[in-house]
Amino acid sequence: MSAKKTNRKTERQAPEPPEFALPGFAAGESLSEFECAGLAAKFISEQTSLRPEIALVLGSGLGAFADEFSSATKIPYAEIPYFPRSTAVGHAGTLVVGKVGRIPVCGMQGRVHLYEGYSVKDVAFPIRVFARMGVKAVILTNAAGGIKREFVQGKLVVIKDHINLQSANPLSGPNDERFGPRFPDMSSAYDRRFREMAVGEGNRIGIGMYEGVYAALPGPSYETPAEIRYLRTIGADLVGMSTVPEVIAARHSGIRVLGISCVTNAAAGMLDQPLDHKEVLETAERVKGQFIGLLKALLPRIAEVIS
Ligand code: HPA
């Protein structure tokens with residue numbers, strides 16, 4: 001197996017149907033999730049001398065940020081042991097380890113989702129790998145529908161809390177204390193200091209920043225207008241199909257979390273028009289420059305706080 005260095009063309013094969021569990025578990029073999037994640041982490045660290053303490057999960061349309069990393073090593077997910085492969089449009093499926101300025105970072109160009117048929121443990125597996133790599137902070141980005149009325153298309157919203165409606169939790173099953181405790185606290189899952197920095201840096205560079213509560217649904221169908229009214233009633237400001245399993249796994253291992261949503265559309269029923277994935281991708285593309293500007297401004301601040 002060989003990882004591709006920068007400038008070497010990465011050939012992506014047509015996505016194969018996902019495997020539905022980490023291979024070690026599915027076959028009933030003796031490898032635990034902890035060991036699988038350790039092998040993946042070892043593989044990644046053998047491809048580069050960089051040892052990032054900050055990881056980014058770049059959602060719909062945002063993967064391009066990782067193409068700007070310097071001293072980059074690009075590793076297709078398919079080459080990383082036990083790593084799930086991305087099948088969603090707008091998710092390249094490459095892990096890029098490189099630098100932003102002087103800061104070593106690890107960027108996932110795309111993630112996997114429950115709606116692709118993956119298990120919640122598969123969805124959270126990259127975070128397990130980051131934990132084994134010694135990552136201390138993760139920035140999770142996503143596209144979301146805006147439920148709160150000010151959260152119009154194109155706004156960037158810092159996630160302050162979430163509501164898990166995916167009927168799944170990556171910590172289900174026997175707990176491995178090597179990752180973290182059986183019952184991790186989620187009362188401040190989204191790091192307060194990171195949130196303040198994100199809002200502050202966003203405002204400083206002229207992006208009006210907001211904070212909101214993200215509700216995660218399994219998808220892939222968008223919500224009905226009645227579901228959106230329900231979500232608003234229970235306190236959700238944003239709706240999406242990702243991020244929450246990753247946040248839970250990160251907090252389990254003590255990794256500090258920043259979550260930022262790009263509002264790509266008004267949630268179902270708020271405008272008199274149907275939802276369309278094309279609109280989601282187009283908005284993410286339009287806001288990409290601002291989003292990347294924010295991440296660049298934030299990384300040195302986060303690096304300072306975790307060091
Ligand atoms: N609903 C769920 N997921 C989404 C949406 C939405 O409206 N927009 C982008 N991801």
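This report describes a ligand shell, a nonpolar core and a pair of packed helices in one structure, which is a predicted model.

Around the ligand there are 13 residues, and the closest of these are Ala 143, Gly 145, Val 239, Gly 240 and Val 280. Three strands, β6, β9 and β10, each contribute at least two residues to this shell, and β6 provides the largest share, with 3 residues.

The classes of residue in the ligand shell and in the contact between helices α5 and α8 are set out below.

| Group | Nonpolar | Polar | Charged |
|---|---|---|---|
| Shell around the ligand | 8 residues | 4 residues | 1 residue |
| Contact of α5 with α8 | 8 residues | 1 residue | 3 residues |

In soluble globular proteins, nonpolar side chains tend to be buried together. Here the largest nonpolar core has 93 residues, and those with the most contacts inside it include Phe 130, Val 138, Leu 238 and Val 239. Helix α8 gives the most to this core, namely 10 residues. Leu 238, leaving aside residues up to four places away in sequence, touches Ala 144, Gly 145, Phe 151, Tyr 214 and Val 263, among others. Val 239, one of the core residues with the most contacts, is also among the residues closest to the ligand.

Helix α8, which spans residues 277-306, has an axis that comes within 10 Å of the axis of α5, residues 192-204, and the two cross at roughly 145°; this crossing is right-handed. On the α5 side the meeting residues include Phe 194, Met 197 and Glu 201, while those on the α8 side include Leu 294, Arg 301 and Val 305.

Terms used
Residues are numbered from 1 along each chain as its sequence is written. This is a predicted model: local features need pLDDT of at least 70, side-chain atom pairs count only at pLDDT 80 or more; totals for chains, interfaces and linings use all residues. Axes are lines fitted to C-alpha atoms, for helices over the stretch in contact, and angles run from 0 to 180 degrees between N-to-C directions. Helices (H or I, at least four residues) and strands (E, at least two) are DSSP runs, numbered from the N terminus. A crossing is left-handed if the near helix is turned anticlockwise from the far one by less than a right angle, and right-handed if clockwise. Two residues are in contact if their C-beta atoms, placed from the backbone, lie within 7 Å. Ala, Val, Leu, Ile, Met, Phe, Trp, Tyr, Cys and Pro count as nonpolar, Asp, Glu, Lys and Arg as charged, and the others, Gly among them, as polar. A residue is near a molecule or strand if its C-beta atom, placed from the backbone, lies within 6 Å of it. A nonpolar core is a set of buried Ala, Val, Leu, Ile, Met, Phe, Trp, Tyr and Cys residues joined through C-beta atoms within 7 Å. A residue is buried if 20 or more other C-beta atoms lie within 10 Å of its own, exposed if 12 or fewer, and partly exposed in between; C-beta atoms are placed from the backbone.
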